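User: Could you take a look at this one with me? I have a few quick questions about helix packing and cysteines.

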Amino acid sequence: MARRVLILVEGTRSNGLLYVQAAQRLGLHPITLSVDPAQYDYLAAEGSEAIRVDTGNLDALIGECSRLRATNDIAGITGLAGDDESVSTTVGKLCRHFDLPGPDPASIEGCCDKFTQRQLLAEAGVPIPAYRVAVNATEVESFAAEIGLPVVVKPAVGSGSIGVRLCRNVDELAEHTSYLLGGKHIWRSSPRILVEEFAQGPQYCAAIMGNEVVCISALDFAPPPYFVYLGGTYPAPLTEHEHRRIADASLSCLRALGLDWGPTNVELRWTKRGPVVIEVNPRLGGGAQTVQAAHGIDLVTEHIKLVIGEEWNLHRRHSHVATERLLIPDRDGILDWIDGESRAAAIPGVVEAKLYIKPKTPIVRKGDYRDFIGYVLAASPSRARTNAIVQRAVDSIRWSITPFPTEQEQLATSHVSAPAQVPSGEG
């Protein structure tokens, strides 16, 4: 009998293992297609099948899936977008080609382009920050003056806060524009930069499946100028009125963008004028385990059921408060040692404690999602108790980082005289 296969296009550190394990629990055989399967440690650890293929080449993917279909029953195709949001569009195109359940690739493509997304939301009357799109430094400077400093400056395509910065004055604006346009930022197409009004207020995220708001979380970020995600609490402490306003704004985004299939997460800030939409992502966010800890809803499993055409269930099984806290190093350098993972995991109420880094690893902070080196997740029936558990778990994990030598130190070392060489044949 042919195996029932779930094709996973690429993977991620946050959700990749969850998809592999959920597929196996549903009686499916997961196969990951990736440019470099070795980058996903969990594949080898789980003994999960992976095939090397150029996932940026739709024809190559169609060819590989056709080859697999000759001897397997492909139950569904989905993917996990890391840095490259185009994976979600590719998945939609593959699903269309093989007549499998999946998202509309045109809607996904429009959503992944932040400028197009902004245009569609503005046309539909969804509250968003004032914005302009620039292609050179002169336009960035001009649009920032129009909108008024401070402004958020970011690539029109990308994810995980890569290349995103709050520019509070003209010097920061010039510095970040130079960074984005000067060859240090990787562009997958011609450079386009969004210059946006800085919407101020607490930040929230609505996790949505289909047309149903599953949960609204409160997000926590490191201080500016970068937007480094520190963690989230599910559900957010909102009044009924605030919850309804955020849910309504989030669902209006889906209508404006033509997104009515599968998982979506909508990030908003609560400002003086109410909820303002910062970004819509046409995929499952990184907080799937936190939603499960809070409400007993396994979003990964329910997404896979949708992908393979089975009936899904978003019924809440319990109502706890769950918080995830990411571990972020406070300096660049070499990690000497790190410990406390098992100590943190043993604390009652901790759902998971995980470290992603080993001693002697060089750490170079980038000011985006790639900076985190581990996380702690805790849940309990009480918000105050969950906060206390998380703090205790975080405090039990310790590490030491030796900063990289300064230029002066390197210079001093290089000037230390070398030992005299003994001439050949003497001594």
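Analyst: What follows goes through a helix pair and then the cysteines, and please keep in mind that this is a predicted model.

User: OK, at what angle do α3 and α4 pack, and how far apart are their axes?

Analyst: Helix α3, which covers residues 58–69, packs against helix α4, residues 86–97, at an angle of about 45 degrees, and their axes are 11 Å apart. That angle makes α3 oblique to α4, and the crossing in which α3 passes α4 is right-handed.

User: Which residues in α3 and α4 meet?

Analyst: From α3 there are Leu58, Leu61 and Ile62, and they meet Thr90, Lys93, Leu94 and His97 in α4. Sorted by class, the contact of α3 with α4 has four nonpolar residues, two polar ones and one charged one.

User: Switching topic, how many disulfides are there in the whole structure?

Analyst: A search of the whole structure finds zero disulfides.

User: Why no bond for Cys65?

Analyst: The closest cysteine sulfur to that of Cys65 belongs to Cys95 and is 9.2 Å away, which is too far for a bond, because a disulfide needs the two sulfur atoms within 2.5 Å.

User: And is Cys65 buried or exposed?

Analyst: Cys65 is buried, with a relative accessible area of 0%.

User: What about Cys205, how far is its sulfur from the closest cysteine sulfur?

Analyst: For Cys205 the closest cysteine sulfur is in Cys215, at 9.1 Å, again too far for a bond. Cys205 is buried as well, with a relative accessible area of 12%.

Technical notes
Residues numbered from 1 in each chain as written. Predicted model: local features only at pLDDT ≥ 70, side-chain atom pairs only at ≥ 80, totals over all residues. Heavy atoms only, no water. Axes fitted to C-alpha atoms, helices over the stretch in contact; angles between N-to-C directions. Helix = DSSP H or I, 4+ residues; strand = E, 2+ residues; numbered from the N terminus. Parallel < 35°, antiparallel > 145°, perpendicular 65-115°, else oblique. Left-handed = near helix turned anticlockwise from the far one by under 90°. Contact = heavy atoms within 4.5 Å. Nonpolar A, V, L, I, M, F, W, Y, C, P; charged D, E, K, R; others polar. Buried < 20%, exposed > 50% of the residue type's maximum accessible area, 1.4 Å probe, protein only.
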